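Hi everyone, thanks for making the time. I'd like to walk you through one protein chain today, going from the overall layout down to a few side chains. Have a look at it first.

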Amino acid sequence: MSEKKMSSSRKHQLKSLMLSIAKGLLEEEEKEREQEKRRYMAESCPPPSMPRSMQELQELCREIHHKIDAIDEERYDLEMKVNKADKEIDDLKIKVQDLMGKFKKPVLKKVRMSADAMLKALLGSKHTVNLDLRANLKQVKKEVKEEDKELRDVGDWRKNIEDKSGMDGRKKMFEAEA
């Protein structure tokens, strides 16, 4: 609890000292990088010697084309490795999310859409037919049977109910059944 606090001048002094050391380190890194670049360029790209004859010029062009092809193959291989690594990273991220079990579900907006509009959205320009379900139905003519006519002619159902209501109606029902 009785820690000594550093004064602001001491903090400022240490901060400036750290910044000066970091600046020196960055300058050294930059010099090393520049030397490495020069060394690589000296190895990979020797100074061009301009040929005097047509034969030598053609030979130089062939050499350059072979080097370009080799570098392109190397670049392509590296690009494929990077793409493969990116896919693996994405797969691992998905697996981690699955294991964590916490998904942020996006908030979906409610959209009113007719059946035609939905089919156009799903199928694209392939869907041009309007969805009219009644148009595809068969027309059926209803034949009236004689039994149905007799049932309709029985009479008004309310009269039957009124006759059977009350004790008199129940008595008639029992007498009719017996």
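Okay, so let's start with the secondary structure: the protein chain has six helices and zero strands. Keep in mind that this is a predicted model. If you read along the sequence, you get the pattern α-α-α-α-α-α.

Next, how much of this chain is buried? Of its 178 residues, 1% count as buried. The cut-off for buried here is under 20% relative accessible area. As for the surface, the chain exposes about 19,300 Å², and carbon and sulfur atoms supply 57% of that.

Now let's look at charged pairs. How many salt bridges does the count come to? It comes to eight, and I'll go through some of them.

Begin in helix α1, which covers residues 8-44 and holds both Arg33 and Glu30. Their side chains meet in a salt bridge, at 3.2 Å from N to O. The two residues are three apart in the sequence, which is about one turn of the helix. Glu30 is partly exposed, with a relative accessible area of 44%. There's also a network of salt bridges here, linking Glu29, Glu30 and Arg33.

Moving on to helix α2, residues 54-100. Here Glu59 and Arg62 form a salt bridge through their side chains, at 3.4 Å from N to O. Again, these two sit three residues apart in α2, about one turn of the helix. Glu59 has a relative accessible area of 42%, so we call it partly exposed. Arg62, at 45%, is partly exposed too.

Staying in α2, have a look at Asp72 and Arg75, which are three residues apart, about one turn of the helix. Their side chains meet in a salt bridge at 3.8 Å, N to O. Asp72 is partly exposed, with a relative accessible area of 36%, and Arg75 counts as partly exposed at 48%.

On to patches on the surface. Which residues gather in a patch of negative charge? Those are Asp69, Glu73, Glu74 and Asp77. Glu74 is found in helix α2. Is Glu74 buried or exposed? Its relative accessible area is 51%, so Glu74 counts as exposed.

There's a nonpolar patch on the surface as well, of about 520 Å². Val111, Met113, Met118, Leu122 and Leu123 make it. To find Val111, go to the loop between α2 and α3, where α3 is residues 115-123. Val111 is exposed, because its relative accessibility is 60% and the cut-off for exposed is over 50%.

Last stop: cysteines. A quick reminder that a disulfide is a covalent bond between the sulfur atoms of two cysteines. How many disulfides does the count come to in this model? Zero. If you want to find some cysteines anyway, try Cys45, which counts as partly exposed at 45% relative accessibility. Cys61 is another one to click on, and it is partly exposed with a relative accessible area of 38%.

So, to recap: six helices and zero strands, eight salt bridges, a patch of negative charge that includes Glu74, and a nonpolar patch that includes Val111. That's it from me, thanks for listening!

Technical notes:
Residues numbered from 1 in each chain as written. Predicted model: local features only at pLDDT ≥ 70, side-chain atom pairs only at ≥ 80, totals over all residues. Heavy atoms only, no water. Patch = residues over 30% accessible without salt bridge, like charges linked within 9 Å, V, L, I, M, F, W, Y side chains within 5 Å. Areas by Shrake-Rupley, 256 points an atom, 1.4 Å probe, with all protein chains shown as cover. Salt bridge = Lys/Arg side-chain N within 4 Å of Asp/Glu carboxyl O. Lys, Arg positive; Asp, Glu negative; His and termini not counted. Charge placed at Lys NZ, Arg CZ, Asp CG, Glu CD. Helix = DSSP H or I, 4+ residues; strand = E, 2+ residues; numbered from the N terminus. Buried < 20%, exposed > 50% of the residue type's maximum accessible area, 1.4 Å probe, protein only. Disulfide = S-S within 2.5 Å.
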